Amino acid sequence: MKKLDNVLLPTNKKFCLLVIALVFIACVSCFAVHRVYEVLLEYDDEQNLSETAMAASIVNERVNSRLIQLRALAFTPTSDKSGVTNYERLQRLRERAAEMGYLRFSITNTDGLSVTTDGKTLNVGDEPHFRRASSSFSTTSSIFQDRLTDGRGVKTDIIVMEVPMYKGANIIGTLAAAMKINEAVRLLDDIDIKYSGAGLFLIDSHSRVIACSDVDPESGIKANCSGLVYNYLSNLLSRKEQAAIAVRLHEKKDSAFLYKSRRDRLCLSFAP
């Protein structure tokens, strides 16, 4: 009678080679499946980055179109001899402010003295957006608190779009349009791209949220927040990850990049 182990475990050379071949094929198959999975993930990441870059391009076009509108309103030809004052200009612009989604217009002379469509005067000579606009650059500010109160006596957060005012080739001041943060959502409205993410956020240079699109309620992103974008993402990102993103935003402020969290395969894409 043969031993049991000899019956169940053949020891001939062909059988051993067959086992080795099967093990090798299984390993190669696992490697191939893993590689295909990695390629699909890379494609998904590139797709997310591409979608964000397209959305950023649309928002940039909308901001630039508003700046072009302001430049057209601000230009005074050299041949103009009407002697129209800044106050008279603002009277003409008063009704257009609400139509264009602005809180107010203001005209500032080269000394930084500003007159608004509200009839108020301010000294904005130290404001960075005024200094940039008075140096011939169209600019959009970061979020800051309005220096004027609204009808309820409350100071709200605003952004300012500001352009130089020319008479011929000479800068004679700046024209600025102040926009409430809750009006800035217009910049994200009806972005006609297929977007697979949980939401879009428009942030300023200090990572404060200017506007956000409708956020997927099942994404874990906090709704109805304010301030830094990290307030919205605090359920998804640790403080260490938030600090890492802040560093990346500072280093890559002029280029698109991805940040992939280890938690739940969270992927954040940023585009200028």
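These legends describe several close-up views of a predicted model.

**View 1. The largest nonpolar core brings together residues from helices and strands.**
Welcome to the inside of the model. The largest nonpolar core holds 31 residues. Which of them have the most contacts inside the core? They are V59, L70, Y102, F105, L175 and I191. At least two residues of this core come from each of these elements: helix α2, helix α3 (86–99), and the strands β1 (104–108), β6 (157–167), β7 (170–180) and β9 (209–212). Helix α2 gives the largest share, with 6 residues. A useful background point is that nonpolar side chains tend to be buried together in soluble globular proteins.

**View 2. A74 and M165 are 91 residues apart along the chain, yet their C-alpha atoms are separated by 5.0 Å.**
Here we look at A74, which belongs to helix α2. Is A74 buried or exposed? A74 is buried, because its relative accessible area is 0% and the cut-off for buried is under 20%. If you trace the chain from A74 to M165, you pass along a separation of 91 residues. In space, the distance between the two C-alpha atoms is 5.0 Å.

**View 3. F24, I25 and V28 make a nonpolar patch on the surface.**
Now we turn to the outside. The patch made by these three residues covers about 300 Å². One of them, I25, sits in helix α2, which runs over residues 13–74. Helix α2 is also the element that supplies 6 residues to the largest nonpolar core.

**View 4. R104 and D146 meet in a salt bridge.**
As a reminder, side chains of opposite charge can pair when their charged atoms come close. In this pair, the closest N and O atoms of R104 and D146 are 2.9 Å apart. Where along the chain do R104 and D146 lie? R104 is in strand β1, while D146 is in the loop between β5 (144–145) and β6, and the two are 42 residues apart. Both residues of the pair are buried. The picture widens when D118 is added: R104, D118 and D146 are linked in a network of salt bridges. For the model as a whole, the count is 5 salt bridges.

**View 5. E127 and R147 form a salt bridge between two loops.**
The N to O distance between these side chains is 3.6 Å. E127 lies in the loop between β3 (121–123) and α4, and R147 lies in the loop between β5 and β6, so the pair links distant parts of the chain, 20 residues apart. How do the partners compare in burial? E127 is buried, with a relative accessible area of 19%, whereas R147 is partly exposed at 37%.

**View 6. E183 and R186 pair through a salt bridge.**
Their closest N and O atoms are 3.0 Å apart. E183 counts as partly exposed, with 29% relative accessible area. R186 is partly exposed too, at 34%.

**View 7. S136 and S207 each have a positive phi.**
For comparison, most residues other than glycine have a negative phi. Phi is near 85 degrees for S136 and near 65 degrees for S207. Where does each serine sit? S136 is in the loop between α4 (128–133) and β4 (139–140), while S207 is in the loop between β8 (201–203) and β9. S136 is partly exposed because its relative accessible area is 29%, a value that falls between the cut-offs of 20% and 50%. S207 is buried, at 10%.

**View 8. The side chain of E241 reaches the backbone of S238.**
The atom that E241 contacts is the backbone nitrogen of S238, at 3.1 Å. E241 itself is in helix α6, which spans residues 239–251. With a relative accessible area of 11%, E241 is buried.

**View 9. C27 and C212 are both partly exposed cysteines.**
C27 has a relative accessible area of 49%, and C212 has 25%. How many disulfides does a search of the whole structure find? The search finds 0.

How values were computed:
Residues numbered from 1 in each chain as written. Predicted model: local features only at pLDDT ≥ 70, side-chain atom pairs only at ≥ 80, totals over all residues. Heavy atoms only, no water. Helix = DSSP H or I, 4+ residues; strand = E, 2+ residues; numbered from the N terminus. Buried < 20%, exposed > 50% of the residue type's maximum accessible area, 1.4 Å probe, protein only. Polar contact = N/O pair within 3.5 Å; in protein donor to acceptor, adjacent residues only side chain to side chain. Patch = residues over 30% accessible without salt bridge, like charges linked within 9 Å, V, L, I, M, F, W, Y side chains within 5 Å. Areas by Shrake-Rupley, 256 points an atom, 1.4 Å probe, with all protein chains shown as cover. Salt bridge = Lys/Arg side-chain N within 4 Å of Asp/Glu carboxyl O. Disulfide = S-S within 2.5 Å. Core = buried A, V, L, I, M, F, W, Y, C linked by side-chain atoms within 4.5 Å.
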